[in-house]
Amino acid sequence: MTKRVVLIGHPVAHSLSGAMHQAAFDAAGIDAAYELWDRAPIELPGAIAEVRDDEFLGANVTIPHKERVVPLVDRLTEEAQATGAVNTLTREGRRLVGHNTDVAGFEVALDRLVGRQKMPRHAVILGAGGGARAVVFGLIRAGFQRVVVFNRHLHRAEALVKHFSRSAAHMELRAMPWHPSIIESEIDKTKVLVNATSIGLTQDESPIPADIIPADLLVLDLIYSRTRFLRDAEAAGCTAMDGEAMLLHQGAAAFTLWTGQEAPLEVMSEALAAARADGLRSAEGEPTGLEGSRVGGTETGAAEAVSAEAGDGGPGADAAGDGDDAGSGSPAVTASAG
Ligand code: NDP
């Protein structure tokens, strides 16, 4: 019997993950079909209940359900618990396990970005959504000592910091208001700069002005195309990398969880490139928008730049359900013990 794996999101039209995973199943000789399920939040509990059946190998969970799915599963892995977000489900009989493979994907991207240099200890993250949560946990595990999170809606960054208060108790994790002068001052003190906002996904815009990016930063954009932010960073003299490695490796980790087999990375990478060339759209149904080659982060050299991923969120999505006030004027919060 053909096993089923589903991507549950809203919307999920034209997901690139479908192409990536179907190619992987086919190459590995696994009789499985990857399906896209567009389910509104009210339909999520029913969809999760369905996935408990024997015919399912598991599922991916994407915008806007990554945090909402947490109370619907029976067990969370360390990464899912730590981030408060789930992007992959596996079955243990009728029980469901929630995983967060975005963390593993980010860790591959970070290692590649840092290369042979000593792992830095200070990072600035722009954005506080589901992707940012995986980034923060990856940085904590990599031994970072100071991580500053800027978000348009400060309360969301504050909620993120609060969520990590225990795992970041030994370090300084701060939420700061989205003001260019404060961002500039923090960027001047950092070595690693990550764009975890969706700015640049569908429009040629950068989250920050080009002239506040100093040279010699290690810069990662979770978006996997050659965004304005990455172009500005390169022009400033930074080492810049897009989100393709993260996308590929979160998918590879999910594949292994479902099948127990090593993921065919080359096949998955080529499938992503082909899907993009065919003009497929992101998991959110948004146009891939930005054409052009990757700045960095090439896994196999086969894929060109692609845009969005199984677990990404659309602009303005507030999957954490933290409210919608701008939070301006609030003092920075910190998870630091000291
Ligand atoms: P969410 O919807 O959860 O978060 C979106 C983030 O972008 C929030 O911080 C939001 O701020 C911010 N944002 C959106 N529009 C604006 C704006 N106009 N001005 C300022 N801030 C804005 O999405 P995710 O965290 O899941 O994804 C974020 C990005 O990361 C996406 O582009 C996604 O494609 C990418 N991603 C890539 C992955 C990969 O494997 N390469 C993995 C995960 C994500 P606010 O809270 O104030 O609305």
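**Entry 1: overall content**

I began with the secondary structure and counted 10 helices and 13 strands in the protein chain. I note at the outset that this is a predicted model. I then looked up burial: of the 338 residues of the protein chain, 54% count as buried. I also looked up contact order. Among contacts with a separation of 6 or more in the protein chain, 72% are between residues 24 or more positions apart.

**Entry 2: α1 against α9**

I turned next to helix packing. Two packed helices are described by the angle between their axes and the distance between the axes. For helix α1 (residues 16-27) and helix α9 (residues 244-259), I recorded an angle of about 45 degrees and axes 11 Å apart. That value makes α1 oblique to α9. I recorded the crossing of α1 past α9 as right-handed. On the α1 side, I listed Met20, His21, Ala24 and Phe25 as the residues that make the contact. The α9 side contributes Leu247, Leu248, Gln250, Gly251, Ala254, Phe255, Trp258 and Thr259. By class, I found eight nonpolar, four polar and no charged residues in the contact of α1 with α9.

**Entry 3: α1 against α10**

I then examined the packing of α1 with helix α10 (residues 265-277). Here the angle is about 140 degrees, and the axes lie 8 Å apart. The two helices, α1 and α10, are therefore oblique to each other, since only angles over 145 count as roughly antiparallel. The crossing of α1 past α10 is right-handed. I listed Leu16, Ala19, Met20, His21, Ala23, Ala24 and Ala27 from α1. Their partners in α10 are Val267, Met268, Ala271, Leu272, Ala275 and Arg276. I found that the contact of α1 with α10 divides into 11 nonpolar residues, one polar and one charged. I noted that Met20, His21 and Ala24 of α1 appear in the contact with α9 and also in the contact with α10.

**Entry 4: nonpolar cores**

I went on to the interior. In soluble globular proteins, nonpolar side chains tend to be buried together. The largest nonpolar core holds 39 residues, and I asked which of them touch the most other members. They are Ile125, Leu139, Val147, Val149, Leu160 and Leu173. Helix α5 (residues 130-141) supplies the largest share of this core, seven residues. Apart from this core lies another, of 21 residues, including Leu16, Ala32, Tyr224 and Met268. Of these, I had already met Leu16 in α1 and Met268 in α10, in the contact between the two helices.

I followed Val149 further. Leaving out residues up to four places away in sequence, I found that Val149 touches Ile125, Gly127, Ala128, Val136, Ala157, Leu160, Leu173, Arg174, Ala175 and Met176.

**Entry 5: Ala236 and Asp216**

I looked up Ala236, which is placed in helix α8 (residues 228-236). With a relative accessibility of 24%, Ala236 counts as partly exposed. Residues up to four places away in sequence aside, Ala236 touches Ile213, Pro214 and Ala215. I also recorded a C-alpha separation of 9.0 Å between Ala236 and Leu217, which are 19 residues apart along the chain.

I closed with Asp216, in the loop between β10 (192-195) and β11 (218-221). At 53% relative accessibility, Asp216 counts as exposed. Its backbone deserved a note. Most residues other than glycine have a negative phi, and most peptide bonds are trans. For Asp216, I recorded a positive phi, near 75 degrees, in a residue other than glycine.

Note on methods
Residues numbered from 1 in each chain as written. Predicted model: local features only at pLDDT ≥ 70, side-chain atom pairs only at ≥ 80, totals over all residues. Heavy atoms only, no water. Axes fitted to C-alpha atoms, helices over the stretch in contact; angles between N-to-C directions. Helix = DSSP H or I, 4+ residues; strand = E, 2+ residues; numbered from the N terminus. Parallel < 35°, antiparallel > 145°, perpendicular 65-115°, else oblique. Left-handed = near helix turned anticlockwise from the far one by under 90°. Contact = heavy atoms within 4.5 Å. Nonpolar A, V, L, I, M, F, W, Y, C, P; charged D, E, K, R; others polar. Core = buried A, V, L, I, M, F, W, Y, C linked by side-chain atoms within 4.5 Å. Buried < 20%, exposed > 50% of the residue type's maximum accessible area, 1.4 Å probe, protein only.
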